[in-house]
Amino acid sequence: MKRRHTRGFTLIEVLVAIGIMALMALMSWRGVEAMLGAHTGLQQRADQVRTLQAGLAQWQTDLNRIASLKGLSGWDWDGKVLRLTREDVQAGDGVRVVAWTWRQDAGRPGGGDWLRWQSTPLQTRAAWQEAWQNARTWSQTPTVELRAAEVSIHPLSGWQLFVHRGGAWTNPLSSDATTGNAADARLPDGVRLVLTLPATTPVAGELTLDWVRPTLSGGNP
């Protein structure tokens with residue numbers, strides 16, 4: 001009786017099959033990696049957008065709660081830093097000093113960051129005076145202690161403020177100004193914030209936000 005022999009795979013065929021499977025595995029992994037990268041990018045974009053939205057909401061809240069106290073300045077804008085005295089709802093009759101600025105940093109997208117600083121709750125005039133000065137120091141030559149109270153909101157290429165007084169918008173100072181009129185300590189009827197967002201961030205270009213003093217009647221200025 002003649003025996004029947006079955007033919008197996010040759011070494012070359014096995015190597016070719018292994019190569020094909022390795023190539024398919026590599027292609028599949030690259031597809032998964034691309035999907036994970038896209039998901040991470042979308043998550044980072046969403047996080048940055050939420051952070052910017054939270055910063056803009058905080059900006060409006062600070063303006064809405066500016067304290068009008070006799071002998072205390074509630075508003076000061078010198079073209080570099082905006083200082084505010086705002087009510088502190090958690091401290092009863094106390095207030096806080098809040099400051100906003102754009103700090104240049106060549107290592108950041110757009111060349112800088114939009115920052116917010118606030119003091120601890122203040123109950124005395126002496127404490128307020130110290131915090132008011134600390135806010136200016138923080139914007140110019142911040143110490144480690146002062147920087148501990150700051151929050152980075154979003155990368156910026158620059159910013160400007162327009163104020164509405166006497167029925168007209170004016171721009172006496174801006175973040176790149178070197179000279180200008182003396183700062184007007186009167187609380188404006190409206191504030192227009194103009195942020196220049198870097199092209200490398202999820203929200204790029206020029207963003208404008210208007211605020212109207214809540215005590216005013218009627219529509220926007």
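Trainee: In what order do the 4 strands of the open sheet stand?

Mentor: This is a predicted model, in which local features need pLDDT of at least 70, side-chain atom pairs count only at pLDDT 80 or more, and totals for chains, interfaces and linings use all residues. Residues are numbered from 1 along each chain as its sequence is written, while side-chain values use heavy atoms, with hydrogens and water left out. Strands are DSSP runs of E with at least two residues and helices are runs of H or I with at least four, numbered from the N terminus, and two strands pair if DSSP finds at least two bridges between them. On that basis the pairing is antiparallel, and the order is β7-β6-β8-β9.

Trainee: Which are the edge strands, and what does the twist average from one strand to the next?

Mentor: The strands that pair on one side only are β7 (168–170) and β9 (205–212). With axes taken as lines fitted to C-alpha atoms (for helices, over the stretch in contact) and angles running from 0 to 180 degrees between N-to-C directions, the twist from one strand to the next averages 20°.

Trainee: Which residue in β7 is the bridge partner of V163?

Mentor: Strands of a sheet pair through backbone hydrogen bonds, either parallel or antiparallel. Here β6 (residues 158–165) and β7 pair in the antiparallel sense over 3 bridges. In β7, the bridge partner of V163 is T170.

Trainee: Is D62 buried or exposed?

Mentor: D62 lies in helix α1 (residues 11–64), and, leaving aside neighbours within four places in sequence, it is in contact (heavy atoms within 4.5 Å) with L84, R86, V98, W100 and R116. Buried means under 20% relative accessible area, exposed over 50%, and partly exposed in between, for a 1.4 Å probe and protein chains only. Because the relative accessible area of D62 is 0%, this residue is buried.

Trainee: What distance separates the C-alpha atoms of A67 and R96?

Mentor: A67 sits in the loop between α1 and β1 (75–77), and it counts as buried because its relative accessibility is 6%. Not counting residues up to four places away in sequence, A67 touches G74, T85, R86, E87 and V95. R96 is 29 residues from A67 along the chain, and their C-alpha atoms are separated by 9.1 Å.

Trainee: Which element gives the largest share of the lining of the largest pocket?

Mentor: On a 1 Å grid over the protein atoms alone, a pocket is an open set of points with protein on both sides within 12 Å along at least five of seven lines, whereas a cavity is a set where a 1.4 Å probe fits but cannot get out; lining residues have an atom within 4 Å of a point. Grid points are joined across faces, edges and corners, and a volume is the space filled by probe spheres set on the points, which for the largest pocket comes to about 210 Å³. Two or more lining residues come from each of β4 (112–118), α2 (125–140) and α3 (144–147). The largest share, 4 residues, comes from α2.

Trainee: What is the volume of the second largest pocket, and which element gives the most to its lining?

Mentor: The volume of the second largest pocket is about 170 Å³. Of the 10 residues that line it, the closest to its centre are K80, T101, W102, R103 and Q104. The elements giving two or more residues are β3 (95–104) and α2, and the most, 4 residues, come from β3.
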